[in-house]
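Colleague: I should be grateful for a close look at one part of this model, namely the pairing of its charged side chains. Please also place the residues concerned in their wider setting.

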Amino acid sequence: MTGSLVRFASLPSRSWGSNSGRAKDLASGPADPSGSPGWRLSAATVEKSGPFTVFPGVDRITVPVEGELLVLDVDGTEHAMERLRPLRYPGDVPVQASLPTGEVTVLNTLARRDSYGAAVMVVELSKKNSPSLGPDQFLVLLQGSAKAALDGGEATEDLGLLDTVAGGPDQPQVFGRGFAAVVSFYPVG
């Protein structure tokens, strides 16, 4: 698969939780025998305080990308999360979200721990740092402006906020100024 671009604005959204907000799926991995994806990358608004969805057997990484502060109580331990700071935690424990300064938008990475692992790095885009993306890697623009060089550098596309560049053997590259999440998925076991 060559690198491709997923336009956030064109994706359908769905409600999550008990109408706690809206989510859009940016990418998902191969399904397991039950039909659930082995991994998923999504962006969601958290519009009101309340519980996060429980995902048995899944590890999560959450990164606040818009809004001031998200407080997560993960199985009795409180984490005050500022923008662009990832938090890794098990998806099968109780998680309660609080919004002391209002609504937030988060980038969510979910990976079935028996078959996949995931890593999220928030990187600064600059003239000196233009990430190239291999297979099973994704770049999500979180802040600023950027262009993606796709199809071996033949096509250049402007990125909007939360647009996602999928990596591939041709290793698409992203140029710009701002911040992006580079998300990698890998098989385990």
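**Salt bridges and the strands that carry them**

Modeller: With a relative accessible area of 32%, D25 counts as partly exposed, a class that lies between buried (under 20%) and exposed (over 50%), for a 1.4 Å probe and protein chains only. The model is predicted, so local features need pLDDT of at least 70 and side-chain atom pairs pLDDT 80 or more, while totals for chains, interfaces and linings use all residues. Residues are numbered from 1 along each chain, and side-chain values use heavy atoms, without hydrogens or water.

The partner of D25 is R14: the two form a salt bridge whose closest N and O atoms are 2.7 Å apart. D25 belongs to strand β3 (residues 21-28) and R14 to strand β2, so that this pair links distant parts of the chain, eleven residues apart. R14 is likewise partly exposed, at 30%. A salt bridge here is a Lys or Arg side-chain nitrogen within 4 Å of an Asp or Glu carboxyl oxygen, and strands are DSSP runs (E, at least two residues) numbered from the N terminus.

Both strands belong to an open, antiparallel sheet of six, in the order β2-β3-β4-β11-β6-β9; strands pair if DSSP finds at least two bridges between them. Strand β2 (14-16) and strand β9 (87-90) are the edges, and because each has a single partner strand, one side of each has no neighbour in the sheet. At the β9 edge, four bridges join β9 to strand β6 (residues 58-66), and the two run antiparallel. Within β6, I61 is found opposite R88 of β9.

The search of the whole structure gives ten salt bridges. One of them brings R7 and D163 together at 2.8 Å, N to O. These two residues are 156 apart in the chain: R7 is in the loop between β1 (4-6) and β2, and D163 in the loop between β14 (155-159) and β15 (164-166). The accessibilities of this pair are 31% for R7, which is partly exposed, and 5% for D163, which is buried.

A further salt bridge joins D158 and K147, with the closest N and O atoms 2.5 Å apart. Since D158 lies in strand β14 and K147 in strand β13 (residues 137-150), the contact ties together parts eleven residues apart in sequence. D158 is partly exposed at 45%, as K147 is at 40%. Finally, R7, E157 and D163 are joined into one network by salt bridges that share partners.
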